[in-house]
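Biologist: Could you take me through what this model shows around its ligands? I'd like to go one contact at a time.

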Amino acid sequence: KVKYAGKNNYMFFNKEMTEKLKEQIQIERILRDAIKEEGFNLLYQPQVCTYTGKIVGFEALLRIKNKRISPGLFIPIAEDNGMIIEIGRWVTKEAINQIRTWKKIGVPIKPIAINFSAKQLNDSNYIAFLKDQLKENNVEAKHIEIEITESIFLDKKEETIVFLNQLKNLGIKIALDDFGTGYSSLSYLTFLPVDKIKLDKSLCDKFLELEHISVMDNIISLAHSLKLEVLAEGIENIEQFKRLKLGGCNYVQGYLFSKPVEVMEVAKIYNDNFLEKIIKD
Ligand code: C2E
Ligand code: MG
Ligand code: MG
Ligand code: MG
């Protein structure tokens with residue numbers, strides 16, 4: 001009996017691994033096609049000022065056209081197989097193109113934040129590429145922001161700091177994404193050349209419990225004392241919003257205001273005042 005159980009377990013494990021591998025190979029194929037055939041698109045999620053209720057920028061979030069695969073699944077695969085380099089360049093180019101288009105049609109420009117994977121540090125010409133794209137499209141660096149996570153500092157700390165300073169010298173703002181999910185977050189803040197921290201959804205989900213409120217307030221004031229701005233991610237209800245505003249949080253992003261939307265939808269929400277909107281509801 002024991003033997004059987006062991007055998008079954010082994011077979012089950014094996015099947016699971018095979019399925020996982022199959023899925024991975026399938027996603028790799030989809031990614032390869034998407035790179036070849038302009039198969040990606042960006043959705044835009046507004047970032048809202050807690051005081052004015054106005055949109056101050058958008059985060060660009062990558063999707064594969066006509067596929068319902070979340071970036072949480074395909075980005076790690078692209079990181080492992082190196083495709084993230086090419087994908088990252090596409091995202092950069094697309095965001096810059098979008099700014100150029102907004103400029104051309106005469107809408108006031110809001111900065112676009114793009115996510116930058118730690119693996120993209122291997123793209124040794126990225127800075128030159130970015131600079132060329134900005135110049136070619138006549139887009140100012142202040143209209144592009146780069147989001148990194150603290151995982152970027154794990155291996156190549158010195159190299160990363162040089163890289164981030166190059167971005168800063170270009171005039172690109174840097175946000176530290178998913179803040180509160182890593183290990184030594186607070187100490188990083190004292191030496192990293194970042195402009196903003198993005199408090200992770202997992203932190204924002206639970207801070208309203210009494211014992212966590214002061215932790216949130218303290219993180220915000222610590223960030224402010226280091227001259228960093230604070231954005232709270234994944235805000236879904238008005239209580240979170242109100243308390244974050246009271247605590248001095250500068251910006252918010254989340255389904256309470258808007259999901260990530262297609263670029264055609266951006267025009268519709270562009271002039272919304274989200275304070276009036278959510279308080280009315
Ligand atoms: P992230 O950069 O932390 O982005 C925030 C994620 O939270 C997005 O998921 C967004 O759609 C989702 N979100 C925003 N507000 C809410 C909310 O109120 N409730 C809930 N439940 N979710 C909310 P998404 O678009 O699935 O992206 C997941 C992750 O994939 C991103 O996390 C980022 O790490 C990565 N990613 C997305 N696009 C890119 C990209 O172009 N390049 C790279 N390297 N990574 C990307
Ligand atoms: Mg992000
Ligand atoms: Mg995040
Ligand atoms: Mg994330």
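Biologist: How far is the side chain of Glu59 from an oxygen atom of ligand 1?
Modeller: This is a predicted model, and in it an N or O atom in the side chain of Glu59 is 3.0 Å from an oxygen atom of ligand 1. Arg63 has a polar side-chain atom 2.9 Å from an oxygen atom of ligand 1, and for the side chain of Asn115 the distance from an N or O atom to a ligand 1 oxygen is 2.9 Å.

Biologist: And how much of ligand 1 does the protein bury?
Modeller: Ligand 1 exposes 800 Å² when taken alone, and the protein buries 80% of that area. The space that ligand 1 takes is the largest pocket.

Biologist: Which residues come nearest to ligand 1?
Modeller: There are 22 residues around ligand 1, and those that come nearest are Arg63, Asn115, Asp177, Glu236 and Tyr255.

Biologist: Which elements supply at least two residues of that shell around ligand 1?
Modeller: Strand S2 (55–64), helix H2 (71–81), helix H3 (84–105) and S5 each do so, with S2 giving the largest share, four residues.

Biologist: Switching to the metals, what coordinates the magnesium ion that is ligand 2?
Modeller: The magnesium ion (ligand 2) is held at 2.0 to 2.2 Å by Glu59 (OE), Asn115 (OD1), Glu147 (OE) and Asp177 (OD), and along the sequence these donor residues are spaced E-x55-N-x31-E-x29-D. Distant parts of the chain are linked here, since Asn115 sits in strand S3 (residues 112–115) and Asp177 in strand S5 (residues 173–179), 62 residues apart.

Biologist: Are Asn115 and Asp177 buried or exposed?
Modeller: Asn115 is partly exposed, with a relative accessible area of 32%, whereas Asp177 is buried, with a relative accessible area of 7%.

Biologist: Which residue bridges the two magnesium ions, ligand 2 and ligand 3?
Modeller: Asp177 coordinates both the magnesium ion (ligand 2) and the magnesium ion (ligand 3), and the two ions are 4.2 Å apart.

Biologist: What are the protein donors of ligand 3, then?
Modeller: For the magnesium ion (ligand 3) they are Asp177 (OD), Asp178 (OD) and two listed OE donors from Glu233, lying 2.0 to 2.7 Å from the ion, and their spacing along the chain is D-D-x54-E. Asp178 lies in strand S5 and Glu233 in the loop between strand S7 (229–232) and helix H9 (238–246), so this pair ties together parts that are 55 residues apart in sequence.

Biologist: How accessible are Asp178 and Glu233?
Modeller: Asp178 counts as partly exposed at 29% relative accessibility, while Glu233 is buried, with a relative accessible area of 13%.

Conventions
Residues are numbered from 1 along each chain as its sequence is written. Chains are lettered from A and ligands numbered from 1 in the order in which they are written. This is a predicted model: local features need pLDDT of at least 70, side-chain atom pairs count only at pLDDT 80 or more; totals for chains, interfaces and linings use all residues. Side-chain values use heavy atoms; hydrogens and water are left out. Donors are N, O and S atoms within 2.8 Å of the metal (3.2 Å for Na, K and Ca); water is not among the atoms, so sites may look incomplete. Buried means under 20% relative accessible area, exposed over 50%, partly exposed in between (1.4 Å probe, protein chains only). A residue is near a molecule or strand if one of its heavy atoms lies within 4 Å of it. A polar contact is a pair of N or O atoms within 3.5 Å; within protein, one must be able to donate a hydrogen and the other to accept it, and residues adjacent in sequence count only if both atoms are side-chain atoms. Accessible areas come from the Shrake-Rupley method with a 1.4 Å probe; for residues, only the protein chains shown count as cover. On a 1 Å grid over the protein atoms alone, a cavity is a set of points where a 1.4 Å probe fits but cannot get out, and a pocket is an open set with protein on both sides within 12 Å along at least five of seven lines; lining residues have an atom within 4 Å of a point. A molecule sits in a cavity or pocket if more than half of its atoms lie within 2 Å of its grid points.
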